[in-house]
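The report that follows is meant for a reader who has not met this structure before. It takes up a few helices and one strand residue in turn.

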Amino acid sequence: MNEFPLLSVRSVTKTYGARIGCADVNFDVWPGEVLAVVGESGSGKTTLLNCISTRLEPTAGTVSYRMRDGEMRDLYRLGEAERRFLLRTDWGFVHQNPADGLRMTVSAGANVGERLMAIGDRHYGRIRDTATDWLGRVEIGADRIDDQPRAFSGGMRQRLQIARNLVTAPRLVFMDEPTGGLDVSVQARLLDLLRGLVHDLGLAVIIVTHDLAVARLLSHRMMVMKDGRVVEHGLTDRLLDDPRAPYTQLLVSSILQV
Amino acid sequence: MNAPTYNFAYLDEQTKRMIRRAILKAIAIPGYQVPFASREMPMPYGWGTGGVQVTAAILGPDDVLKVIDQGADDTTNAVSIRKFFQRVAGIGTTTSTGDATIIQTRHRIPEQPLHEGQVLVYQVPIPEPLRFLEPRETETRKMHALEEYGLMHVKLYEDIARNGHIATTYAYPVKVEGRYVMDPSPTPKFDNPKMHMSAALQLFGAGREKRIYALPPHTEVVSLDFEDHPFEVQRFDKPCALCGAEQVYLDEVVLDDRGGRMFVCSDTDHCETRRANGFFGEMAEGGHDAQTSPLRGGRTEGPGGGEDGTNIPPPLTPPLKGEGNLSRPVAGVGSCKTSETSSFDCVAQAEGTPPGRTSSGHPPLKGEGSR
């Protein structure tokens, strides 16, 4: 792995008045690494994700990112134009609800092609070929390219959303409960697909989930949050097999066994 | 003019000043939508309140005004706006494109090239080209500010994916001076090339949406497209049926309920000027007086909103050219066409024509090909 982190988070705090969204979070993400953020509902996972993906300005702390030129830049000191450019080229954001991340009224092909057109691709044939290729990679038939996502099942929509995000070859992808709301067999396929894509493309991923099985399958490292604070942080296998913090022990022991 | 209760050109001077400031700003930033405090006008939204306010703000006593609606000088909207300014400003009006200093338009740009010193005022219903793709105004303004126009191409992509070609035929988005993407108002895309490097000043007023934008003379206006699906304008198989003009935008006029139709210039002034100069199309056999055929005479007061002779005080307006023998069928206003068709028989019968005369009164219509 690279010797420099891709993303560096220092003392990030977000408060809503007296209430805490997340407090004093520190971590680094290296290129090609998958970091899972787990915790129960209301533990500040999503707030943290929004803070580091520039969707929500933190109250305190810094988030810096290594740009393609190798320079480390503080995200909240970038101009808005640069930040938005980053979000649609070098980053991806996979929402829990695909409708939030997709344009539901335009075809699947246009959904995948939107980022390409946003960065200046003006050749219809090429855009369409790329879209077809990406639909294939996320296991959506090429004959569905002109269908609107409304006509897709939940699992297909989620896969389409992933394709839409990965088409510009981002280096860092944020995922907010990507398997939430899907039934288990569809979840399994999606996880399989994600694991393959992450491995093939060398993506760095920050994935927020409450599902420890998802974290186990996908992530290299894990962070456990409770009440807005990080209670434990370590390699996934170590953390799940040998949880140290009392809350993590509770969390691990509450996994349902079938 | 005995209308002392109105200021010149209806609006008070402070309002005109406010609109002029918006216009100046719009000219300074071509294609940028300048918000302005749009006033309520004595006409409903959608009838050109934006265009009327812009016209009122730039109108001077020496100006000569032409108003067109879908290219026609004799449709309801055009007639009432022209009459409005005659009454509140006492200015001269014309239907001749070349003689006008200000041309207020809805949906068309005149065929005759505009010259320096002329101002073209567009009535704009929805100024935001991104509106139907992104409903949030805050977001579209940000997208304009940051020049994020990828979404506009998503729309064109969808067109091609669904129809095999770019099927947007009006309000076709353009990029102005390589910066702002602009909605050229619902003009047919046929007219987009006329905006490019035009010698005239072009002003766009949206009354309900409270925006003004502008194209200064000699501004670069490029229609958006894909490299492998380049922009192209509509083409017509036949020339104008009345004046034989080619390379002009034609309106389809339905003639009867048996599929008969004709294609005529949408720009009435252009059509009449050509006919006055001796150009005739295949359906304009010159020289005969009005017959019962709905194509000739007697139809100018039809329900399509033709000019009512009593509307216009004679001294101020030259008689409308459209009132002559070779009068074109009234107006090509899209929404009126169907009603005109169905009313042909009524008109004919009201004039005492035996039923059936309308169907036999004019020669069988040659298959005016599809576009």
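Directly after helix H3 of chain B comes B:Gly90, a residue whose phi is positive, near 60°. The model is a predicted one, and in it H3(B) covers residues 76–89 of chain B. Of the 14 residues of H3(B), 10 are buried, so this helix is largely enclosed by the rest of the structure. Among the buried residues are B:Val79, B:Ile81, B:Phe84, B:Phe85 and B:Val88, together with B:Asn77, B:Arg82 and B:Gln86. The cover over the buried residues of H3(B) includes helix H2 (49–58) and the strands S2 (64–69), S3 (92–93), S4 (102–106) and S5 (119–123), which belong to chain B.

Helix H6 of chain A can be described in like manner, and the table sets out the lengths of the two helices.

| Helix | Residues | Number of residues | First to last C-alpha | Expected at 1.5 Å a residue |
|---|---|---|---|---|
| H3(B) | 76–89 | 14 residues | 20 Å | 20 Å |
| H6(A) | 154–166 | 13 residues | 19 Å | 18 Å |

In H6(A), 11 of the 13 residues are buried, so this helix too is largely enclosed by the rest of the structure. The buried residues include A:Met156, A:Leu160, A:Ile162 and A:Leu166, and also A:Arg159 and A:Arg164. They pack against strand S6 (91–94), helix H3 (98–101), H4, H5, strand S7 (172–176) and helix H7 (184–201) of chain A.

Two of these partners, H4 (residues 108–118) and H5 (residues 124–137) of chain A, also meet each other, their axes coming within 9 Å and crossing at roughly 120°. That angle makes H4(A) oblique to H5(A), and the crossing of the pair is right-handed. On the side of H4(A) the contact is made by A:Ala108, A:Gly109, A:Val112, A:Gly113, A:Leu116 and A:Met117, while H5(A) contributes A:Ile127, A:Thr130, A:Ala131, A:Trp134 and A:Leu135. Divided by kind, the residues of this contact are eight nonpolar, three polar and no charged.

Finally, there is a residue outside the helices to consider: A:Arg66, which lies in strand S4 (residues 60–66) of chain A. A:Arg66 has a relative accessible area of 18%, and because the limit for a buried residue is under 20%, A:Arg66 counts as buried. Apart from neighbours within four places in sequence, A:Arg66 is in contact with A:Phe4, A:Pro5, A:Leu6, A:Glu71, A:Met72 and A:Arg171. The C-alpha atom of A:Arg66 is separated by 9.8 Å from that of A:Pro31, a residue 35 residues apart from it along the chain.

Methods. Residues numbered from 1 in each chain as written. Chains lettered and ligands numbered in written order. Predicted model: local features only at pLDDT ≥ 70, side-chain atom pairs only at ≥ 80, totals over all residues. Heavy atoms only, no water. Axes fitted to C-alpha atoms, helices over the stretch in contact; angles between N-to-C directions. Helix = DSSP H or I, 4+ residues; strand = E, 2+ residues; numbered from the N terminus. Parallel < 35°, antiparallel > 145°, perpendicular 65-115°, else oblique. Left-handed = near helix turned anticlockwise from the far one by under 90°. Contact = heavy atoms within 4.5 Å. Nonpolar A, V, L, I, M, F, W, Y, C, P; charged D, E, K, R; others polar. Expected span 1.5 Å × (residues − 1). Buried < 20%, exposed > 50% of the residue type's maximum accessible area, 1.4 Å probe, protein only.
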